[in-house]
Amino acid sequence: MSVLVFADSSEGKFKKSALEVVSYGKKVAEQLNTNVVALTINTTDASELYTYGAEKVISVTNDALNTFNAKQYAAVIIEAAKIQSATVVVIDSSTDGMYLAPIVAAKLDAGYASNTVALPSSTSPFTVKRKAFSNKAFSNTVITSEIKVIGLAKNSYGFHENAVAGVSETLDVTVAESGVVSEKIDKISDKVTIADADIVVSAGRGLKGPENWGMIEELADVLGAATACSKPVSDLGWRPHGEHVGQTGKPVASNLYIAIGISGAIQHLAGVNASKVKVVINTDPEAPFFKAADYGIVGDAFEVVPKLIEKLKAFKAS
Amino acid sequence: MKILVCISHVPDTTSKINFTENDTKFDTNGVQFVINPYDEFCLTRAMWFKEKQGASVTVINVGGSETEPTLRKALAIGADNAIRINTNPTDGIQVAKELAAVVKSGGYDLVLAGKESADYNGQMVPGMLATLTDFNFVNGCVGVEVADNKVTAIREIDGGNETLSSSLPIVLGGQKGIVEEKDLRIPNMRGIMMARKKPLEVVEPTTEGTLTNVGSFEKPAPKGAVKLVDADNVDELISLLHNEAKVI
Ligand SMILES: Cc1cc2nc3c(=O)[nH]c(=O)nc-3n(C[C@H](O)[C@H](O)[C@H](O)COP(=O)(O)OP(=O)(O)OC[C@H]3O[C@@H](n4cnc5c(N)ncnc54)[C@H](O)[C@@H]3O)c2cc1C
Ligand SMILES: Nc1ncnc2c1ncn2[C@@H]1O[C@H](COP(=O)(O)O)[C@@H](O)[C@H]1O
């Protein structure tokens with residue numbers, strides 16, 4: 001018996017979500033009186049995972065796995081799960097994690113709890129809390145199968161140091177053709193992405209036009225944040241589609257979400273409810289976003305944002 | 001080309017979410033149900049294939065008779081026929097197993113499903129369905145072309161797009177981008193009239209496949225009131241974010 005976590009990496013470096021799934025897996029393993037095993041693909045130094053509690057790290061190195069392929073990565077996870085007799089498999093909720101987890105679950109005949117936000121409230125019956133109804137509620141899901149796959153919602157558990165003296169192992173795998181081949185990858189920008197960002201600065205139709213996004217980008221720069229927008233803004237072509245957040249766009253689960261000139265329609269809020277702290281800047285004190293926010297300024301973005309940039313620069317410098 | 005579009009019947013986005021029977025059942029009272037928004041994008045793309053390249057389009061739902069108006073709406077948008085698998089599913093794997101039985105016997109080439117459904121937000125059915133049928137699979141599609149047997153799909157990745165090539169048969173998890181918002185169709189009178197005459201076949205479930213169930217639902221804890229900061233005092237906001245919220 002063991003808890004297997006897939007510690008995802010990019011260019012040999014662990015993603016933040018990897019540290020989160022390891023931290024989470026360690027606690028689940030404690031609940032089950034067993035050990036956590038972390039699986040990594042094409043990384044060179046796994047010692048960072050020991051810091052977060054991985055008692056064992058299995059490293060797979062294979063050039064055929066340099067580019068992510070859901071079916072091939074799933075096959076590696078399945079093989080490791082079998083070898084380690086894993087009863088719980090934890091996968092992050094990145095785009096890639098969400099792509100491969102259902103494959104892993106279906107192949108292992110395992111119940112899959114996606115969007116899990118907390119440690120199991122009980123291990124018998126095995127019950128986890130998950131997001132449901134576009135963040136308007138939670139479901140306490142009971143997994144009845146012997147093997148359980150948990151998709152851990154981003155930023156829901158955080159990472160917690162829990163240093164152990166870990167051991168490492170290598171695993172040789174043969175990579176089969178998957179039927180789907182990556183032809184090219186286009187990165188839209190080198191800036192921090194909405195998925196990875198701790199802070200997201202988002203603006204809506206209140207900004208009046210695309211020419212006014214300079215101050216939004218500057219604010220994001222000062223904070224090391226990603227930029228985002230409401231749906232009408234991307235529909236109008238003011239901003240790229242990839243920036244649209246909400247029910248029909250991207251979900252945001254950042255630590256801080258700053259909404260500027262966004263009214264806070266229910267479909268917009270559905271995508272940002274999972275963010276920890278929400279700040280709203282809006283001229284209309286009746287804007288629904290004020291009900292969903294933690295901090296707010298009733299004011300004109302064109303006056304408030306430049307001041308905020310100036311003061312933040314001073315704050316960062318001090 | 002035979003296309004199957006999986007349609008999930010979900011509460012309209014503005015619905016109030018409440019629960020009954022000790023928080024174990026979703027309260028459908030007063031809730032308006034619609035085609036899951038992602039599925040509507042997929043259906044529209046299917047109509048494009050039908051019109052531009054020639055294809056038959058079947059829509060399918062796993063659900064009780066209450067989902068039939070949603071399937072009729074899909075027929076009114078232009079699907080040729082509909083299938084309802086008559087069971088109220090408890091989890092994604094059950095839906096996927098039921099769909100897999102139809103997909104295997106129906107000779108479908110292209111199966112379109114939404115990236116996620118707006119009710120239980122499983123994000124699991126397309127991947128499970130592809131695995132159970134051994135079809136190729138691309139998730140999070142924002143574009144797809146099919147020429148002969150060759151499929152070119154574009155999926156969204158963190159911070160960009162990836163172009164993938166594959167072949168039929170394939171399951172695609174689609175989202176906005178697979179068609180644009182402006183291409184979505186509102187059923188017209190003629191479509192609605194025609195939809196009444198189109199076949200809607202009800203088939204009985206074939207599997208007992210649940211691996212999870214909902215013990216209970218809960219709503220988020222009520223949020224405290226917003227703290228307002230004066231527009232002339234952004235320093236206070238910075239200090240609150242730093243000292244109280246500890247996010248900067
Ligand atoms: C099925 C469906 C799905 C949808 N999905 C999404 C989704 O995923 N994401 C999404 O965002 N929307 C979505 N919507 C649209 C949503 O209902 C709203 O229309 C949209 O979020 C409004 O965008 P907005 O806040 O930018 O614009 P508006 O509602 O026009 O709000 C602009 C705000 O800016 C404020 N403002 C004006 N001037 C200033 C100023 N100078 N300074 C500061 N504030 C100012 C105004 O007071 C107002 O509150 C969806 C709708 C439907 C029907
Ligand atoms: N009951 C259902 N009947 C038919 N298709 C479904 C059903 N549930 C989910 N789907 C399809 O699977 C997609 C993803 O759903 P989910 O895995 O529930 O998030 C949806 O967008 C639908 O295309």
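Okay, a quick word on terms before we start: when I say strand, I mean a DSSP run of E at least two residues long, and strands are numbered from the N terminus. With that in hand, look at B:Pro169, which sits in the loop between strand E11 (160–167) and E12 of chain B. And please keep in mind throughout that this is a predicted model.

So what is going on at that proline? The peptide bond running from B:Leu168 to B:Pro169 is cis, and its omega is near -5 degrees. Most peptide bonds are trans. Chain A has a cis bond to show you too: A:Ser124 and A:Pro125 are joined by one, with omega about -5 degrees. You'll find A:Pro125 in the loop between strand E8 (122–123) and strand E9 (126–132) of chain A.

While we're on backbone oddities, go to A:Glu11. Its phi is positive, near 50 degrees, and this is a residue other than glycine. A:Glu11 also belongs to a loop, the one between strand E2 (9–10) and strand E3 (13–14) of chain A.

Right, on to the sheets. Back to chain B, and to E12, the strand after that cis proline loop. Which sheet does E12(B) belong to? It's part of an open sheet of 10 strands, ordered E13(A)-E11(B)-E10(B)-E9(B)-E12(B)-E8(B)-E1(B)-E6(B)-E7(B)-E13(B), with mixed pairing. At the edges you have strand E13 (181–187) of chain A and strand E13 (200–203) of chain B; each has a single partner strand, so one side of each has no neighbour in the sheet. On average, and ignoring direction, neighbouring strands here are turned by 30 degrees against each other.

Let's zoom in on one pair. Strand E9 (residues 136–147) of chain B and strand E12 (residues 170–174) of chain B run parallel, paired over four bridges. If you want one bridge to click on, B:Asn136 has B:Ile170 as its partner in E12(B).

Now what packs on this sheet? Helix H1 (residues 37–53) of chain B does, touching strand E1 (2–6), E6, E8, E9 and E12 of chain B, and its direction makes about 150 degrees with that of E8(B). Then there's helix H2 (residues 68–77) of chain B, lying across E6, strand E7 (81–85) and E13 of chain B, at about 160 degrees to E7(B).

Stay in chain B, because there's a ligand here. Ligand 2 has 19 residues around it, and the ones that come nearest are B:Cys6, B:Asp39, B:Ser117, B:Gln123 and B:Met124. Which elements feed that shell? Strand E6 (56–62), strand E8 (110–114) and helix H4 (125–133) of chain B each give at least two residues, and E6(B) has the largest share, with three. By class, we get nine nonpolar, eight polar and two charged residues.

For polar contacts, a side-chain atom of B:Ser117 lies 2.7 Å from an oxygen atom of ligand 2. A backbone N or O atom of B:Gln123 is also 2.7 Å from a ligand 2 oxygen, and for a polar backbone atom of B:Gly114 the distance to one is 2.9 Å. Alone, ligand 2 exposes 470 Å², and the protein buries 93% of that.

Next, the other sheet I want to show. Six strands make an open, parallel sheet in the order E15(A)-E14(A)-E16(A)-E17(A)-E18(A)-E15(B). Its edge strands are E15 (226–229) of chain A and E15 (227–229) of chain B, each pairing on one side only. The average turn between neighbouring strands, direction ignored, is 20 degrees. Helix H5 (residues 214–223) of chain A packs on this sheet, touching E14, E15 and strand E16 (256–260) of chain A, at about 170 degrees to E14(A).

Last stop, ligand 1. How many residues surround it? There are 26, and the closest are A:Ser230, A:Ser263, A:Gln267, A:His268 and A:Asn282. This shell has six nonpolar, 15 polar and five charged residues. Helices H6 (231–235), H7 (266–272) and H9 (301–317) of chain A each supply at least two of them. A polar side-chain atom of A:Gln267 lies 2.7 Å from a ligand 1 oxygen, and A:Asn282 has a polar side-chain atom at 2.7 Å from one as well. On its own, ligand 1 has 990 Å² of accessible area, of which the protein covers 77%.

That's the tour, thanks!

Definitions and conventions: Residues numbered from 1 in each chain as written. Chains lettered and ligands numbered in written order. Predicted model: local features only at pLDDT ≥ 70, side-chain atom pairs only at ≥ 80, totals over all residues. Heavy atoms only, no water. Near = heavy atom within 4 Å. Polar contact = N/O pair within 3.5 Å; in protein donor to acceptor, adjacent residues only side chain to side chain. Areas by Shrake-Rupley, 256 points an atom, 1.4 Å probe, with all protein chains shown as cover. Nonpolar A, V, L, I, M, F, W, Y, C, P; charged D, E, K, R; others polar. Pairing = 2+ DSSP bridges. Axes fitted to C-alpha atoms, helices over the stretch in contact; angles between N-to-C directions. Contact = heavy atoms within 4.5 Å.
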